[in-house]
Amino acid sequence: MGVFKIEGGHQLKGSIQPQGAKNEALQILCAVLLTPEKITINNIPDIVDVNKLIDLLRKLGVKIEKLQKGSYTFQADDVNLAYLESDQFKIDGRGLRGSIMIVGPLLARFGKGYIPKPGGDKIGRRRLDTHFEGLIKLGAKFGYSREEQFYGVEAKKLKGTYMLLEEASVTGTANILMAAVLAEGQTTIYNAACEPYLQQLCKMLNRMGAKISGVGSNMLIIDGVESLGGTEHTMLPDMIEIGSWIGLAAMTKSELTITNVSWKDLGIIPETFRKLGITVERKGDDIYIPAHTDGYEIQSFIDGSILTIADAPWPGFTPDLLSIILVVATQARGSVLVHQKMFESRLFFVDKLIDMGAKIILCDPHRATVIGHDFKSTLKATTMTSPDIRAGVSLLIAALSAKGTSTIQNIEQIDRGYENIDERLRAIGAKIERID
Ligand SMILES: CC(=O)N[C@H]1[C@@H](OP(=O)(O)OP(=O)(O)OC[C@H]2O[C@@H](n3ccc(=O)[nH]c3=O)[C@H](O)[C@@H]2O)O[C@H](CO)[C@@H](O)[C@@H]1O
Ligand SMILES: C=C(OP(=O)(O)O)C(=O)O
């Protein structure tokens, strides 16, 4: 298990370029299965989850060529479906959450798609009902082995239909969409998730010859086509990384420029950090965060009541940044209620922050009240374990602001989604070392 050793309490300075978006990459990579033609993808982040998915595609017979850092070509002209029934697939498929999105494309193109219960963060129940209910509506026969936790769908032909999703599932929408593009006739997906990840997937599929309208809204209308062709696609910068760097800058009182952030795709994220009193300045397509030498003050609601920051499906605030909001609030002036509505086990990491001296009350598994220290008391360094990817980075930010040397174990969780994080943080002045 890898470990980070972090000497906290130092101001950082400089600029940082966000990596390509993890959650977009996982969708886009699965889409290469929809065509026998070559697809070129740029700005692919070099992170554990993405590399696991690339490896899985390779084992499925996809021809993969690395052009340069972050750029690859993929060609799925000779797919090895036998791999789906192998024991190795049961291991590989479980390795990450994103693998679930091979099911829709495989079903649409080859008539069958299988997947073991996928991995990803252990942050509460993460059911797949939306995915399979949608595929069943398109005409697939569904099977599930409870013993092996193995899912499968099969269909000779998919037929377009109207569906209203029970919830706006991100990976669920992507999966159903990738099946519907090759179904016969028209499919309507209402209550579709509409994150920039999905908008990017829709745009890519349309360039491949799909006919999707309503892109960016919660109603996607898809006119099925017989086949799809090749294209080139470039991943957006990772908005969750961008939010993480905003939080890092404020909490360490550092002056930081986050470059080429694609402002138009950040939705409510900059405004949400501003509600914590953080100055988030737009400079062209960069974000400039000045050093918050006098701290930052949490705003109240208009009527003077305590601010709540809660997650919601896009264009609401992404749940993946709530852990960052929470840690940054521990040094703000004022109080905030953090309400994690989607995942029921994502806030338990606050115990570690409390150990470090943060003033937090975990009201229930979904809600935590944070009373900021206004830098009058710094967090104390400690030894901790990263429970999930975003809590891991939040603890890392806490350690960088704390006095003394902290240790973070289980950093594989962080490496799932942050490319070369130690090297990039050292480049802006952080004292962080990786110990294997
Ligand atoms: C690989 C990938 O892309 N992972 C992301 C994806 O996971 P993933 O696609 O697995 O998450 P879903 O969108 O399916 O749902 C996440 C959780 O939120 C709940 N839920 C969802 C929609 C809704 O309207 N109401 C509701 O309560 C679900 O029951 C589930 O527990 O989206 C999540 C929600 O943005 C992010 O945290 C994950 O980083
Ligand atoms: C929850 C996350 O990832 P995954 O869905 O891959 O577990 C995340 O990126 O914050």
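Which helix gives the most residues to the shell around ligand 1? In this predicted model, the shell around ligand 1 comprises 18 residues, of which the closest are Asn23, Ser169, Val170, Thr171 and Met342. Two elements, helix 1 (22-31) and helix 6 (170-180), each supply two or more residues to this shell, and helix 6 contributes the most, with three residues. In terms of residue character, the shell around ligand 1 consists of seven nonpolar, six polar and five charged residues.

The position of ligand 1 can also be described with respect to the domains. Residues of the shell come both from domain 1, which spans 3-19 + 237-435, and from domain 2, which spans 22-234, and ligand 1 therefore lies between the two domains.

A further feature of the model is an open sheet of three strands, in which the strands follow the order 6-8-7 and the pairing is antiparallel. Strand 6 (112-116) and strand 7 (141-145) form the edges of this sheet, since each of them pairs on one side only, and the twist from one strand to the next averages 10°. Between strand 6 and strand 8, the latter formed by residues 150-154, the antiparallel pairing extends over five bridges; within this pairing, Lys112 has Glu154 of strand 8 as its bridge partner. Helix 4, which is formed by residues 103-110, lies across both strand 6 and strand 8, and its direction makes an angle of about 155° with strand 6.

Definitions and conventions. Residues numbered from 1 in each chain as written. Chains lettered and ligands numbered in written order. Predicted model: local features only at pLDDT ≥ 70, side-chain atom pairs only at ≥ 80, totals over all residues. Near = placed C-beta within 6 Å. Helix = DSSP H or I, 4+ residues; strand = E, 2+ residues; numbered from the N terminus. Nonpolar A, V, L, I, M, F, W, Y, C, P; charged D, E, K, R; others polar. Domains from an automatic or database assignment. Pairing = 2+ DSSP bridges. Axes fitted to C-alpha atoms, helices over the stretch in contact; angles between N-to-C directions. Contact = placed C-beta atoms within 7 Å.
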